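Open the model in your viewer and keep the selection box at hand. Each stop on this tour gives you something to select and says what is there.

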Amino acid sequence: MKPFIAFAIALIVIGCTSSVKTNTVSANSEPATSHATEPATSATPAATGSISGVINFQGAVPKLPSLDMTGDPMCPQTPQPSEAVVVNNGKLTNVFVYVKEGLPAGQMTPPSEPAVVDQKQCRYVPRVLGVMVGQPFEVTTHDQAIHNVHPMPSKNTQWNETQMPDDKPIVKKFTAPEMMVRLQCNQHPWMRAYVNVMTNPYFAVSKPDGSFEIKNLPPGEYTLAAVHEKFGEKTMKVKVSAQQPAKANFDFSAGK
Amino acid sequence: MLKYEVPEELSLSPSPYNAAHHRFTVLVAVLAFLLILAGALVTSNNAGLAVPDWPTSFGHLFKIPPMIGGIKWEHSHRMIAEFVGLLTIVVAIWTWRVDKRRWMRWLTIGAVLGVIFQGILGGLTVLNFTPPLISTAHGVVGQTMFCVLAAIAVFTSRSWLEEPAEKMTRKDAGPLIRHSWMLIGFLYLQLILGAGFRHVWTKWGPPGSNHWPTHKIIHIFLYPHILNALLVAGLVLYLGMRTLSKHSNIPHLKVPGMWLLILLVLQLMLGIGAYVVRVVQGVDEAQPTLALVGVTVAHLGVGALILAVTVILTIQAYRHTGEPADVIPFDRSREVARA
């Protein structure tokens with residue numbers, strides 16, 4: 001009998017420990033819109049590593065036509081630059097970087113804070129973001145234009161809802177991992193955002209200077225992937241240790 | 001001997017020409033064509049889901065929303081559709097009142113049912129987020145209803161109600177009728193492939209979710225569409241040349257034949273233009289350009305005209321066949337016998 005009691009106590013202790021870790025993740029205040037959140041099953045921060053790098057763009061930058069938003073008087077009435085390819089000093093922004101392989105299979109606990117997309121000046125801000133399966137996904141508006149928010153997933157449920165000016169945020173959840181789910185507004189066909197639904201919090205989006213950082217990764221060997229809406233996906237092997245940050249730079253070009 | 005007289009309301013005899021009735025049916029057919037263009041504008045502007053609810057628009061049945069952005073395309077299409085639906089009901093009521101031909105009366109009832117069915121397909125395409133299968137069916141049924149309304153306009157015309165001055169021999173009519181039916185069949189195939197390409201491209205291609213690679217959509221829909229265009233062009237050339245040469249004494253065959261040739265040239269140019277703006281230039285476009293919208297809508301509109309003209313040519317071929325008892329379904333022998 002005693003072994004059974006000891007086993008039960010051990011199970012309870014493990015369960016409590018896990019729930020403490022889960023709460024730690026859920027309470028993490030870092031928004032998932034720009035970079036990774038605290039992992040659900042990570043060890044103590046001292047025992048984790050990170051990956052940082054830069055997304056370089058080589059060659060001539062494609063010249064994209066300006067956006068004409070004059071179809072709606074509530075949108076900017078002058079030609080607006082496209083955000084499909086944004087290169088600053090040879091660095092590519094809006095590249096979604098994530099751990100593609102090497103993590104234990106399964107779903108990590110999502111944060112309770114929503115991943116937010118705002119509609120501002122008839123654009124989605126940010127254009128590229130990550131959200132975890134089960135994490136609240138919130139769409140807000142600061143426009144006087146009428147929008148309809150319409151994600152077009154293949155593995156998640158599709159929905160299409162109107163958002164009038166001053167309407168309260170639309171809050172949804174994705175139920176399955178899926179890359180580059182396009183968010184579209186059928187009022188304004190130039191409006192596009194890309195939502196990456198992940199089972200783990202180890203992802204980041206390259207900033208205007210092309211840099212990215214994924215924190216709190218357990219040490220190990222991973223396949224890191226960088227995906228851009230126009231130039232597709234690139235991968236590389238990265239070894240993460242707790243002692244020093246791993247470096248991973250990606251090179252993109254118009255020819256992929 | 002007991003003399004039996006057919007009651008007037010059951011008579012199959014030709015109706016007297018009613019100018020107002022005929023003009024009204026022409027008006028409805030023209031509006032149905034404008035409705036097709038309005039629908040094409042919705043797809044080309046990728047505005048099919050700009051109004052997310054149906055049958056209401058933003059929760060209202062009659063209140064007109066702000067006509068801006070994608071709403072102006074989608075809601076205009078809905079308003080024109082409701083108007084055409086209403087006018088089709090008027091055509092049916094008017095026909096039942098003034099037209100003695102039983103088949104004609106039931107044809108207008110069929111038109112009303114078809115228009116209602118088309119409206120439901122439009123609603124289903126909105127409520128199901130523009131699934132290509134339903135959206136394609138919506139496009140095909142829409143053009144079919146346009147042809148039906150155009151045929152009703154022909155059936156109410158003076159020339160249809162009067163006995164033709166010239167007729168073909170049955171031997172001459174055979175190839176014309178046979179090839180006309182073949183052309184209708186190939187035009188429907190062309191329509192299904194074209195509509196399938198448009199809706200799959202818009203939904204799953206570059207302007208949509210981007211789930212389908214462009215080459216896959218092109219291989220499945222566009223290349224067969226281009227290949228079938230050659231068959232359609234061959235049949236149009238045959239029918240056009242035949243009506244202009246062999247049946248040039250019958251204006252009701254010669255004029256549709258001539259229009260088929262004119263529309264074919266226009267359509268081939270628009271088809272090439274649509275390929276350039278949609279596939280060559282349009283893959284990376286952030287939004288539909290004026291050229292893309294203009295050319296693709298015109299391509300669809302001319303396609304609808306070619307189908308309608310072919311249907312009219314086929315109908316007129318039956319009408320101008322010398323031995324009507326041998327040809328169905330536009331059998332006028334009983335009409336003549338009972339007149």
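Start with chain A. Of its 256 residues, 40% count as buried. This is a predicted model. Colour chain A by secondary structure: one helix and 19 strands come up. Contacts here often link distant parts of the sequence. Among contacts in chain A with a separation of 6 or more, 67% are between residues 24 or more positions apart.

**Stop 1: a hairpin in chain A**

Select residues 220–228 of chain A, strand E16, and residues 232–240 of chain A, strand E17. The two strands pair in the antiparallel sense, over nine bridges. Look at the turn between them: a hairpin of three residues joins E16(A) to E17(A). Now label A:Ala226. Which residue of E17(A) stands opposite A:Ala226? It is A:Lys234. While side chains are on display, keep one rule in mind: in a regular strand they alternate between the two faces of the sheet.

**Stop 2: strand E12 and its partners**

Select residues 178–184 of chain A, which form strand E12. Add strand E9, residues 147–152 of chain A. E9(A) and E12(A) run antiparallel and are joined by three bridges. Find A:His150; opposite this residue stands A:Gln184 in E12(A).

Next, add strand E13, residues 192–198 of chain A. E12(A) and E13(A) also run antiparallel, and five bridges join them. Here A:Arg182 stands opposite A:Tyr194 in E13(A).

**Stop 3: where the chains meet**

Show both chains. In contact are 21 residues of chain B and 23 residues of chain A. What classes of residue does chain B bring to the side that touches chain A? Eleven are nonpolar and ten are polar, with no charged residues.

**Stop 4: helix H1 of chain B**

Select residues 19–44 of chain B, helix H1. Measure from end to end, C-alpha to C-alpha: the distance is 38 Å. That agrees with expectation, because 26 residues at 1.5 Å a residue should span 38 Å. Step just past H1(B) to B:Asn46, which takes a positive phi of about 55°.

**Stop 5: H1 against H9**

Keep H1(B) and add helix H9, residues 290–319 of chain B. The two helices pack at an angle of about 145°, with their axes 9 Å apart. Their crossing is right-handed. Show side chains at the contact. From H1(B), pick residues including B:Phe33, B:Leu37 and B:Leu41. From H9(B), pick residues including B:Leu292, B:Val297 and B:Ala304. By class, the residues of this contact divide into ten nonpolar, three polar and no charged.

Key:
Residues are numbered from 1 along each chain as its sequence is written. Chains are lettered from A and ligands numbered from 1 in the order in which they are written. This is a predicted model: local features need pLDDT of at least 70, side-chain atom pairs count only at pLDDT 80 or more; totals for chains, interfaces and linings use all residues. Helices (H or I, at least four residues) and strands (E, at least two) are DSSP runs, numbered from the N terminus. A residue is buried if 20 or more other C-beta atoms lie within 10 Å of its own, exposed if 12 or fewer, and partly exposed in between; C-beta atoms are placed from the backbone. Two residues are in contact if their C-beta atoms, placed from the backbone, lie within 7 Å. Ala, Val, Leu, Ile, Met, Phe, Trp, Tyr, Cys and Pro count as nonpolar, Asp, Glu, Lys and Arg as charged, and the others, Gly among them, as polar. The expected span of a helix is 1.5 Å times one less than its number of residues. Two strands pair if DSSP finds at least two bridges between them. Axes are lines fitted to C-alpha atoms, for helices over the stretch in contact, and angles run from 0 to 180 degrees between N-to-C directions. A crossing is left-handed if the near helix is turned anticlockwise from the far one by less than a right angle, and right-handed if clockwise.
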